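Q: Could you take me through one part of this protein up close, in a way a first-year student can follow? I would like to see how that part fits in with what surrounds it.

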Amino acid sequence: MNFDLYVDTSRKGISAAIAGSDGSYMEIVDTGAKGETLSASLDSLLQRAGASLDDVKRVMVTVGPGSFSGLRTGVAFCQGICFSGKRELFGVTTLQALECFGKQGEKTAVVIRARNGYWYLRLDENESFIETSEVVEKMKASNAAAAIKSIVADEAAQADETLKVLFEEIGANVTLDTGKPLSCWAPLFESVKPSLIQEANYIQPSYFEKLK
């Protein structure tokens, strides 16, 4: 049996999962984990599945935006286990992956916190690092062109008063960015080209200075 491996180290801790060709699925989420435990997480998943690394044929890893140390560790680890050529490596942006938590086939927006007053937005296949007012502007304009049916947002976005009003005005279904199986990302295997060379997106909001 073949397995797909999913790895996300772009946010809090480590999320890793393997999905078997028979429909089996195992996942580990440790929000307090450090990058050095990623190998142990994979070993645990494989043991639970009764499989070996040779059974893993495809690997998907988030490349950011996100934590410098988390992304560096996750991308490097996945490149390492794919180096032999026995499995393919697929790099996807964090927002691209989260978009898969929305309903397939429907127009989806992704909004997650970057820092106070700033957000990462994925909309119409474009990704932005922008202020709250710009999120409102872009989402209203896009919704006017074609209705946004689904919004994937983190807790910070769902708690922000301005964005709460925006989401209600749009009337789309709002889904939390956690709690769904990483295997939801599987459709990306068909749209993303595999490559051993992956570059992490080390966007650091604290370094960002908005040009006036």
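A: Let's start with Asp160, which caps the N-terminal end of helix α6. In this predicted model, a side-chain oxygen of Asp160 lies 3.1 Å from the backbone nitrogen of Thr162. The helix itself covers residues 161–170, and after it comes Gly171, with a positive phi near 80°.

Now look around the helix. Which residues of α6 are buried? They are Leu163, Leu166, Phe167 and Ile170. These four cover an arc of only 95° around the axis, so they sit on the same side of α6. There is a general rule to keep in mind here: an α-helix has 3.6 residues a turn, so residues three or four places apart point the same way. Turn to the other side of α6 and you will find Glu161, Glu168 and Glu169, which are exposed.

What do the buried residues of α6 pack against? Their partners are the strands β6, β7, β9 and β10, together with the helices α4 and α5. Helix α5 spans residues 155–159.

The strands in that list bring us to a sheet. It is an open sheet of 5 strands, with the order β8-β7-β6-β9-β10 and mixed pairing. At its edges stand β8 (126–131) and β10 (173–176); each has a single partner strand, so one side of each is left without a neighbour in the sheet. Neighbouring strands of this sheet are turned against each other by 25° on average, direction ignored.

Let's zoom in on one pair within the sheet. Strand β6 (residues 108–115) and strand β7 (residues 118–123) run antiparallel and are joined by 5 bridges. For instance, Val110 has Arg122 in β7 as its bridge partner.

Helix α4, residues 132–145, belongs in this picture too. It lies across β6, β7, β8 and β9 (150–153), and runs at about 140° to β8. So which elements meet both helices? Among them are β6, β7 and β9: α4 lies across them, and the buried residues of α6 pack against them.

Finally, a word on confidence. The protein averages a pLDDT of 92, and 94% of the residues score at least 70. Over residues 204–212, however, the pLDDT is below 50, and this stretch has 14 contacts in the model beyond near neighbours in sequence.

Methods
Residues numbered from 1 in each chain as written. Heavy atoms only, no water. Pairing = 2+ DSSP bridges. Helix = DSSP H or I, 4+ residues; strand = E, 2+ residues; numbered from the N terminus. Axes fitted to C-alpha atoms, helices over the stretch in contact; angles between N-to-C directions. Contact = heavy atoms within 4.5 Å. Buried < 20%, exposed > 50% of the residue type's maximum accessible area, 1.4 Å probe, protein only. Arc of directions from axis to C-beta. Polar contact = N/O pair within 3.5 Å; in protein donor to acceptor, adjacent residues only side chain to side chain. pLDDT = per-residue confidence, 0-100.
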